[in-house]
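Biologist: Could you walk me through this one slowly? I would like to start with what sits inside and then move on to the strands.

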Amino acid sequence: MIIKSVRVFGGEPVDIRVEDGLIAEIGPGLSGGEVVDGGGAIALPGLVDLHTHLREPGREDAETVLTGTQSAARGGYTAVHAMANTSPVADTAGVVEQVWRLGREHGHCDVQPVGAVTVGLEGERLAELGAMADSAARVRVFSDDGKCVSDAVLMRRALEYVKAFDGVVAQHAQEPRLTEGAQMNEGVVSGRLGLTGWPAVAEEAIIARDCLLAAHVGSRLHVCHVSTAGSVEIIRWAKSKGWNVTAEVTPHHLLLTDDLVEDSPVGAYNPIYKVNPPLRTRADVEALRAALADGTIDVVATDHAPHPVEDKETEWSAAAMGMIGLETALSVVQEAMVDTGLLDWAGVAERMSAAPARIGRLPGHGLALEAGAPANITLYDPSVRTPVDPSGYASKSRNTPYEGMTLPGRVVATFLRGRPTVLEGKLT
């Protein structure tokens with residue numbers, strides 16, 4: 001296959017020749033094989049998501065491995081890490097292998113399961129970390145995401161345990177006692193709306209504690225969905241010490257603010273904006289953007305959290321927390337980071353492909369587009385702007401906060417080891 005007229009990281013137009021699932025050659029005027037016209041699109045390494053909820057097993061009404069990976073492919077992803085809060089919880093070798101095999105069977109992108117840190121996400125005793133690491137799924141990321149590992153002793157033990165196989169504990173930083181009944185960011189807006197506030201310190205206190213624990217035991221810590229300016233400063237301090245701490249930010253925390261809960265195109269108290277951690281202030285958004293630009297935050301991760309209609313279209317207090325994000329992530333990053341001059345396309349590739357693959361210890365992904373590398377390629381056209389319409393999404397769920405907004409760019413094509421999973425924006 002020859003992929004004609006693409007711009008690697010937005011550079012000059014070149015062609016990419018693909019043979020046997022690998023990039024064979026990159027240069028102008030290549031020939032010899034089936035031709036795919038890139039139309040001048042930007043070529044990026046296939047995107048990798050460190051934080052995806054595929055819901056299977058147990059909540060197939062919201063998402064399945066099939067629909068979630070189709071959604072991922074349409075968003076330009078060639079690999080996703082599937083979080084453990086399924087039913088049953090992915091806390092054994094058997095469950096993580098089930099998810100891994102489903103990903104292989106469907107073939108839209110690679111699925112790398114994330115193992116639970118504690119049995120049943122209950123925070124009482126460690127799950128079968130070693131068995132999951134030794135399983136066919138080769139789990140290297142462990143997280144109780146959706147819940148915090150709040151017990152400091154248990155968190156220390158987890159960090160010590162994963163060192164044996166170069167694993168990482170990905171913490172959902174939320175001090176539970178400080179967030180009992182919390183509904184949105186604690187601040188001026190929550191006061192006006194009469195909703196119980198979710199203080200920034202509930203996130204920051206756990207991050208500070210866990211950075212210290214990771215340094216103490218010499219292990220790897222990854223901080224999920226960072227949302228506050230204070231968290232950024234703590235992570236920046238930990239990195240200045242040389243500690244092995246990485247962090248992610250979601251697209252929605254780079255773009256949206258808590259005042260949407262009060263004043264938005266869809267009215268006040270709309271649960272589409274209810275998410276964990278909550279949307280924060282404009283000052284927090286600016287701090288997160290700056291931290292992603294300077295490398296304090298390593299990764300953009302979607303936290304794609306699908307829910308059926310009945311779980312979101314209800315009163316605010318009863319609504320589920322979460323937003324879908326796989327099919328809009330690259331567009332939101334363009335809006336928040338590229339079009340504002342904070343990142344170039346090489347920087348996007350680092351934060352949405354190379355770094356997440358590196359942190360997740362995912363071989364074959366996140367590699368430079370060069371001869372000999374697996375042909376995991378995303379083609380993206382940044383020049384168009386279109387209204388967001390979730391009715392055409394591959395995901396089973398529709399809980400996007402961007403519906404009706406106009407966002408830049410679209411994924412033209414996605415290739416997984418040289419095989420197109422998306423062409424002309426459509427699943428193949």
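Modeller: Gladly, and please keep in mind that this is a predicted model. Its largest nonpolar core has 75 residues, and the residues with the most contacts inside that core are Phe142, Leu330 and Met352.

Biologist: What does Met352 touch, leaving out residues up to four places away in sequence?

Modeller: With those left out, Met352 touches Leu47, Val48, Tyr77, Val300, Ala329, Leu330 and Val333. Apart from this core lies another one, which has 20 residues, among them Leu193, Leu256, Tyr393 and Tyr402.

Biologist: How many aromatic pairs are there in the whole structure?

Modeller: A search of the whole structure finds four aromatic pairs. In the one between Phe142 and Phe165, the ring centres are 5.8 Å apart and the planes are at 55°, so this pair is tilted. Phe142 lies in strand β9 (residues 141–142), while Phe165 lies in the loop between α4 (152–162) and β10 (168–171), so the pair ties together parts that are 23 residues apart in sequence.

Biologist: Are Phe142 and Phe165 buried or exposed?

Modeller: Both Phe142 and Phe165 are buried. Ring pairs also bring in Tyr161, so that Phe142, Tyr161 and Phe165 are linked into a cluster.

Biologist: You mentioned β9 and β10, so which sheet are they in, and in what order do its strands come?

Modeller: They belong to an open sheet formed by five strands, in the order β9-β10-β13-β14-β15, and the pairing is parallel. At the edges stand β9 and β15 (299–300), each with a single partner strand, so one side of each is left without a neighbour in the sheet.

Biologist: How many bridges does β10 make with β9, and how many with β13?

Modeller: Between β9 and β10 there are two bridges, in the parallel sense, and Val141 stands opposite Val168 in β10. Between β10 and strand β13 (residues 221–223) there are three bridges, again in the parallel sense, and the partner of Gln171 in β13 is Val223.

Biologist: Which way do the side chains of β10 point?

Modeller: It helps to recall that in a regular strand the side chains alternate between the two faces of the sheet. In β10, Val168 and Ala170 point one way, Val169 and Gln171 point the other way, and all of them are buried.

Biologist: Switching to the start of the chain, how does β1 run relative to β2, parallel or antiparallel?

Modeller: Strand β1 (residues 2–8) and β2 run antiparallel and are joined by four bridges, with Ile2 having Arg17 as its bridge partner in β2. The hairpin of β1 and β2 has four residues between the strands, and in it Phe9 takes a positive phi near 55°.

Biologist: And what about β2 and β3?

Modeller: β2 pairs with strand β3 (residues 22–27) in the antiparallel sense over five bridges, and Asp15 stands opposite Gly27 in β3. The hairpin of β2 and β3 has two residues between the strands, and there Asp20 takes a positive phi near 50°.

Biologist: How many of the residues in β2 are buried?

Modeller: Strand β2 (residues 13–19) is mostly covered, since five of its seven residues are buried.

Biologist: New topic: how many cavities of 30 Å³ or more turn up?

Modeller: The count comes to four cavities of 30 Å³ or more, and the largest of them holds about 50 Å³ of space. The residues that line the largest cavity are Leu54, Arg55, Glu56, Ala82, Met83, Thr86, Ala90, Val99, Pro113 and Val114.

Biologist: Where is Gln70, and is it buried or exposed?

Modeller: Gln70 is placed in helix α1 (residues 65–74). Its relative accessible area is 18%, and because buried means under 20%, Gln70 counts as buried. Leaving aside its neighbours within four places in sequence, Gln70 is in contact with His108, Ala394 and Leu427.

Biologist: What can you say about Glu350?

Modeller: Glu350 is found in helix α12 (residues 345–359) and has a relative accessible area of 29%, so Glu350 is partly exposed. Not counting residues up to four places away in sequence, Glu350 touches Ala355, Pro356 and Arg358.

Biologist: How far apart are Glu350 and Glu262 in space?

Modeller: From C-alpha to C-alpha, Glu350 and Glu262 are 35 Å apart in space, and they are 88 residues apart in sequence.

Terms used:
Residues are numbered from 1 along each chain as its sequence is written. This is a predicted model: local features need pLDDT of at least 70, side-chain atom pairs count only at pLDDT 80 or more; totals for chains, interfaces and linings use all residues. Side-chain values use heavy atoms; hydrogens and water are left out. Rings of Phe, Tyr and Trp (its six-membered ring) pair if their centres lie within 6.5 Å; planes under 30 degrees apart count as stacked, over 60 as edge-to-face and the rest as tilted. Buried means under 20% relative accessible area, exposed over 50%, partly exposed in between (1.4 Å probe, protein chains only). Two strands pair if DSSP finds at least two bridges between them. A nonpolar core is a set of buried Ala, Val, Leu, Ile, Met, Phe, Trp, Tyr and Cys residues joined through side-chain atoms within 4.5 Å. Contact means heavy atoms within 4.5 Å. On a 1 Å grid over the protein atoms alone, a cavity is a set of points where a 1.4 Å probe fits but cannot get out, and a pocket is an open set with protein on both sides within 12 Å along at least five of seven lines; lining residues have an atom within 4 Å of a point. Grid points are joined across faces, edges and corners, and a volume is the space filled by probe spheres set on the points.
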